[in-house]
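Reader: I would like to learn how to read a structure like this one, step by step. Could you take me through it slowly?

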Amino acid sequence: MASILVVDDDPDILALIEDTLVAEGHTVVPAGDGAQALQLVTARRFDLVVTDIFMPKSDGLATAEAAAKAGTKVIAISGGGLQNGQSVLHVAASGGAVRILNK
């Protein structure tokens, strides 16, 4: 199965996504903020990164861009918000996310 990095600063959402993916047989590495995610995505290879957008220390957009540059597929999730007048999820899509999901 896949090796998946899951990034979210909300521990309940992080646990929900992690538990769901592990139950499907995937190997999941959780990260609670964007800085930790950036370290992980540059240190090892993942098949997929699922990342929240708004987080402390570094946002999910930076994580999505770094993962996409490494050739890793990215799913961006967010509760909403705008960046430069655009939905952050659409910004994430233009930065390399292959899928975007509203929380």
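**Reading the helices and their neighbours**

Author: Let us begin with burial along a helix: in this predicted model, the residues G60, L61, T63, A64 and A67 of α3 are buried. Those residues cover an arc of only 160 degrees around the axis, which puts them on the same side of α3. Just after α3 comes G71, whose phi is positive, near 85 degrees.

Reader: Before going further, how many helices and strands are there in the protein chain, and in which order do the elements run from the N terminus on?

Author: The protein chain holds four helices and seven strands, and read from the N terminus on, its elements follow the order β-α-β-α-β-α-β-β-β-α-β. Of the 103 residues in the protein chain, 42% are buried. Among contacts with a separation of 6 or more, residues 24 or more positions apart account for 59%.

Reader: Which residues are buried in α2, and which are exposed on its other side?

Author: The way to read this is to ask which direction each residue faces from the helix axis. In α2, which spans residues 34-43, the buried residues are G34, A37, L40 and V41. They cover an arc of only 120 degrees around the axis, and therefore lie on the same side of α2. The other side of α2 carries Q39, T42 and A43, which are exposed.

Reader: What covers the buried residues of α2?

Author: The cover includes the strands β1 (3-7), β2 (27-31) and β3 (48-52), together with the helix α3 (60-69). At the start of α2 there is also a detail worth finding in the view, where a side-chain oxygen of D33 reaches to within 3.0 Å of the backbone nitrogen of A35.

Reader: How do the axes of α2 and α3 cross, and which residues make the contact?

Author: For a pair of helices, one looks at the distance between the axes and then at the angle. Here the axes of α2 and α3 come within 9 Å and cross at roughly 5 degrees, which makes α2 roughly parallel to α3. On the α2 side the contact is made by G34, A37, L38 and V41, while α3 contributes A62, T63, A66 and A67. Sorted by kind, the residues of this contact are six nonpolar, two polar and no charged.

Reader: Now for single residues: is V7 buried or exposed, and what does V7 touch?

Author: V7 is found in strand β1 and is buried, with a relative accessible area of 0%. Leaving aside residues up to four places away in sequence, V7 touches L14, A31, D33, A37, V50, T51, D52 and M55. It also shows how a fold can be followed across the sequence, since the C-alpha atoms of V7 and G60 are separated by 8.0 Å, with their positions 53 residues apart along the chain.

Reader: Where is T51 found, and what does T51 touch?

Author: T51 is found in strand β3, and T51 is buried, with a relative accessible area of 0%. Apart from residues up to four places away in sequence, T51 touches V7, G60, T63, A64, V74, I75, A76 and I77.

Reader: Where is the place of K57, and is K57 buried or exposed?

Author: K57 lies in the loop between β3 and α3, and K57 counts as exposed because its relative accessibility is 71%, where the cut-off for exposed is over 50%. The backbone deserves a look as well, as phi of K57 is near 75 degrees, a positive value in a residue other than glycine.

Terms used
Residues are numbered from 1 along each chain as its sequence is written. This is a predicted model: local features need pLDDT of at least 70, side-chain atom pairs count only at pLDDT 80 or more; totals for chains, interfaces and linings use all residues. Side-chain values use heavy atoms; hydrogens and water are left out. Buried means under 20% relative accessible area, exposed over 50%, partly exposed in between (1.4 Å probe, protein chains only). Helices (H or I, at least four residues) and strands (E, at least two) are DSSP runs, numbered from the N terminus. The arc is that of the directions from the helix axis to the C-beta atoms. Contact means heavy atoms within 4.5 Å. A polar contact is a pair of N or O atoms within 3.5 Å; within protein, one must be able to donate a hydrogen and the other to accept it, and residues adjacent in sequence count only if both atoms are side-chain atoms. Axes are lines fitted to C-alpha atoms, for helices over the stretch in contact, and angles run from 0 to 180 degrees between N-to-C directions. Angles under 35 degrees count as roughly parallel, over 145 as roughly antiparallel, 65 to 115 as roughly perpendicular and the rest as oblique. Ala, Val, Leu, Ile, Met, Phe, Trp, Tyr, Cys and Pro count as nonpolar, Asp, Glu, Lys and Arg as charged, and the others, Gly among them, as polar.
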